[in-house]
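Student: Could you take me through one part of this model up close? I would like to see how a single helix sits among its neighbours, and then look at a few side chains elsewhere.

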Amino acid sequence: MARMTAGTEPDDAVHSCIRVRGASVHNLKGIDVDIPRDAFVVVTGVSGSGKSSLAFGTIYAEAQLRYLESVAPYARRLIEQAGAPEVDSITGLPPAVALRQTRATPGSRSSVGTVTTLSNALRMLYSRAGSYPPGAARLDSDGFSRNTAAGACPTCHGLGQVHDVTEASLVPDPDLSIRDGAVAAWPGAWLGKSYRDILRTLGHDIDRPWRELPQADRDWILFTDDQPVVTVEPIREAHRIQRPYQGTFSSAKRYVLHTLSESRSGTARRRALQYVVTSTCTTCDGTGLRAEARSVTVAGRTLPDLASLPVTDLIDVLGSADGSDVAVAIVPDIRARVDVMVRLGLGYLSIDRPTPTLSAGELQRLRLATALRSQLFGVVYVLDEPSAGLHPDDTESLLVVLDELRRSGNSLIVVEHDLEVMRHADWLVDVGPGAGTDGGHLVHSGPVPQLADVPDSRTRPYLIDPDPPPAREPRPTADWLGLRGVTRHNLKGLDVDVLLAVFTALTGVSGSGKTTLIDVLGEALRDHLGQTRALDPDEIDDDTAVASADRGYAAATGTDAIQRVVQVDQRPIGRTPRSNLATYTGLFDRVRTLFAGQPAAKARGYSVGRFSFNVKGGRCENCEGAGYVAVELLFLPSTYSPCPVCHGRRYNQDTLSITYRDASIADVLDLTVDEATDFFGDQPSIERALVTLQDIGLGYLTLGQPATELSGGEAQRIKLATELQRRRRGHTVYVLDEPTTGLHPADVEQLRAQLDALVEGGNTVVVAEHDLSVIAAADHVIDLGPGGGADGGTVVAAGTPAQVAGSTASRTARYLARWRQR
C-alpha cells in the first residue's frame, strides 16, 4: 500500500514526529508511519480498518506502558498483566491523554457536575460562602454531596427516588387467575407453584380471575408481612410423585423487596426490578440531600436550585453572590469551566443532569472540557470521534476548542469520520483500504489535499471533489402518525406529525429534543399495541426506572395502521467481555448445536451446554469463560487482559479438542463475520444470520468481539441486524437513534441502503440523525430547535429536505443546503 511519499515527511528541524515502526496490533500489517507533533492529526478509514488500533491500541497503549515503567516497582508488575502493544518501536512519543467514547452506561449517581468537577467547586462555595439559617451549624463540603453519608437524604440514600410496589405493578393482567400467573412478580418454576399451592390450602380461590377476588384478599396476598407455614398437599400430574411438604408463604411485595436487597443473582434482581415503581422521594423532593444542606443558599438559591439550571444561566446567578474571599476565589474558576462547556455546545446541560441520560459524544466533550481546564502542556491527546452526536453547527464550535488545545502546546490525534473535521486537520492518516483482513495498511499519511493522489483510499471520493448527491423524489404518502401534547424534558406540549411508509429524519442541534421525541414515539406505539419495551438483561440495573406514570404525550392518532414497533438505541449490548456479537444475535446457539453434533462430541457425551462459556464443564474456570480477567491498575482505570490460563480462548483443552472443519469453537469465535460467512457456507441457518450482519456493514467484526470493545453505533447496528434476521411483515415502525455513529461515509451508504429496503417493504423508518447524507436522502425531515435545552423542544421546520434547506428558522438549513449544492 502507499507509504509517505518523498517530500511529504515533515522537516525535523521544524516539526518533531511520533515515529511508529512495525505496528501489528489487531489487523495492522506491520505499518510504519510518522505523525507530526504539535499538529491536528486525523486518523480515518472505514469501520474496522485499524485506525483505532493505531491511535489507541498502539500509540496510546505505548504511552501508558512507558508511564507504568516510570513509577514504583510494584506498579511495574502490572505491565505484564496490562500487556504491551505489538510494535517494533515508537520514538518521539510524549505523554498521552486518551479521551475515549464511553462504552459502559454510567451509574445514576454520576452527573454532569461530577464528570466536570463543577460539583466539587459548588459544594465548597456553599460550605464556605453560603448563607446559613440562624443557629445552624456550618457544614463541610461533604455535607452537600448526595453521595456521602453526611449529605445524603436518609430516606432515599441520595438517589432522589424511592422504589415501591403497587397492585398494578405486581399484577399486570388482572384478568388472569392466580393459577394462570396473575401475580407475575412471583418466581416461576417450583417456588411460584408452591406459593399458589399454599394459597389454595389457605382457602383462596386460585382459579377465579384476580379482579373478582375480594380487595382484602388481594391486599393480603400482595402486601402482608406474615409468613405462615402451611402443610401443603400438592396437586400434580398423575405420573408425578405427590408428597405433602411444609411450605412458607411470602407476599409478592416481600418477595420482590427481599430479592432486591439480598439476592446476589443479577438475573433475579433484574427480573424483580420489572415489578417496581419508581417515584420521587418526598423527604428530599428528589434532590437526594439532607434538609440541613437544602437550607443553605448562595445568591438566594439552594444548591439543588442552582444545580438544576442550564449552565449558561449559572454564571448570571453566581454574579450576584456575596463578595467574600471564598466566593472571589471560587466563582471565577466555575465561570471558566462553564465557558468551555458552552463553547463545546453543552450550555444547555444542567449540573445535576445524570450521565446515563447523556450520549457518548456529550460525555466525551465533558471530559474534553475538563482537559482544557487542566492546562497541560506538551502532551498528545488521543480522541475517539469527538464529533459523535454533534450537529454540524456544534462541530464548528468543537473545532475552535480543539485548535485552542493544540495552540496551548499539545498534539492532537483524532480518530474521526466527520468530513469537516478531516478538512480542518493539518495532517491526515488514512488506514485501510478495507475492513478486517482487508484493512490494516497505511493508505496515506500527509496533508489532506495530497489524498487526491491516492486511488486506493476509500475516504478520497467523499473528501476530495465528492460527487453531487443523486437526485431523488421523496416517496408519496397519505398516512401519518400524530403525536399531540408531548411533554417530557425540554419538549413542552409539542405537536408533531410523522409520515408513515417513508424515511423520516429527525434533526436539530445537540440537546434540541430529538432523542426524547423518538423515545416518546416508541412508547406511544407500544401503548397502542399493548406492549412493554423489551429491555435486554444487561440494560437493566438497580438504577433503572422500570415503571412510570408519565407517558409523555397527551394523544396519539393514526396508530391503527401500525402492527409492530422496533426501537433500536445505542445502549451497550453487554457490560463485560462475556457478552459478544455471536451471543447477542443468537447466532452462537446454532454454532454450539453444530459442534455438539460432531461425532467426537457425541462419543464423549458432550451436550450443547458443553460449548457455552457461561456454563461449568467446558469453559476455562480461571476466567469463568470470559477469556479476559480484570486488571486493577491502582490509580489508573481498570482494564481487561487475556486470561493467562486459556490465553483468551475461553474454553478448557477437552472442549477445544472438538473441531468442525479443523476449527475449534474458540477458532470460530476468532473469525470475522466475513470469514465466517465463507466458513459456514454449508450451514444455511448460520450463513443467513451472517449475511445480514454483512449487509449492515459489520463484516469486519469478529464473532467473539467483546461487547466492551463495541461503539454505541456498532451496538445499535448489531441490534438492528438481529431484528432484520426475522421475517419482514410490513407495517412496522423502526425507530433509531443516530445509527450512523462511528461510521465512515462509505459504511453510511451501505447502512442507508438497508434502511431504504425496509421502507420499500412497506415499513416506516424514523431516525434521529446529524449525518447530512442521510438527512438529504430522507423523504421527510423534522427539525427541532432552534437551540438546545430550554431553547429547543419546538419544531422549527418540517417537510422535504429541499423545503427544510430553505428554512430561515432552522440551524440545520444552511448545512443541508450546502450539502445539496455540492
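**A covered helix and its surroundings**

Tutor: Let's start with the neighbours: the cover over the buried residues of α21 includes α20 (581-585), α22 (599-603), β23 (659-660), β24 (663-664), α24 (665-669) and α26 (684-695). Please keep in mind that this is a predicted model. Helix α21 itself spans residues 587-596 and is mostly covered, with 7 of its 10 residues buried. If you would like to find them in the picture, the buried residues in α21 are L587, F588, V591, R592, L594, F595 and A596.

Now let's move to a strand. Strand β20 covers residues 564-568, and Q567 is found in it. With a relative accessibility of 16%, Q567 counts as buried, because the cut-off for buried is under 20%. The side chain of Q567 has polar partners: a polar contact of 2.8 Å joins it to the side chain of R526, and another, of 3.0 Å, joins it to the side chain of D519.

Finally, the cysteines. A search of the whole structure finds 0 disulfides. For C643, the nearest cysteine sulfur is that of C646, 3.8 Å away, and C643 is in no disulfide. The cut-off helps here: a disulfide needs the two sulfur atoms within 2.5 Å. C643 counts as buried, at 1% relative accessibility. Another cysteine, C17, is buried too, with a relative accessible area of 6%.

Conventions: Residues are numbered from 1 along each chain as its sequence is written. This is a predicted model: local features need pLDDT of at least 70, side-chain atom pairs count only at pLDDT 80 or more; totals for chains, interfaces and linings use all residues. Side-chain values use heavy atoms; hydrogens and water are left out. Buried means under 20% relative accessible area, exposed over 50%, partly exposed in between (1.4 Å probe, protein chains only). Helices (H or I, at least four residues) and strands (E, at least two) are DSSP runs, numbered from the N terminus. A polar contact is a pair of N or O atoms within 3.5 Å; within protein, one must be able to donate a hydrogen and the other to accept it, and residues adjacent in sequence count only if both atoms are side-chain atoms. Contact means heavy atoms within 4.5 Å.
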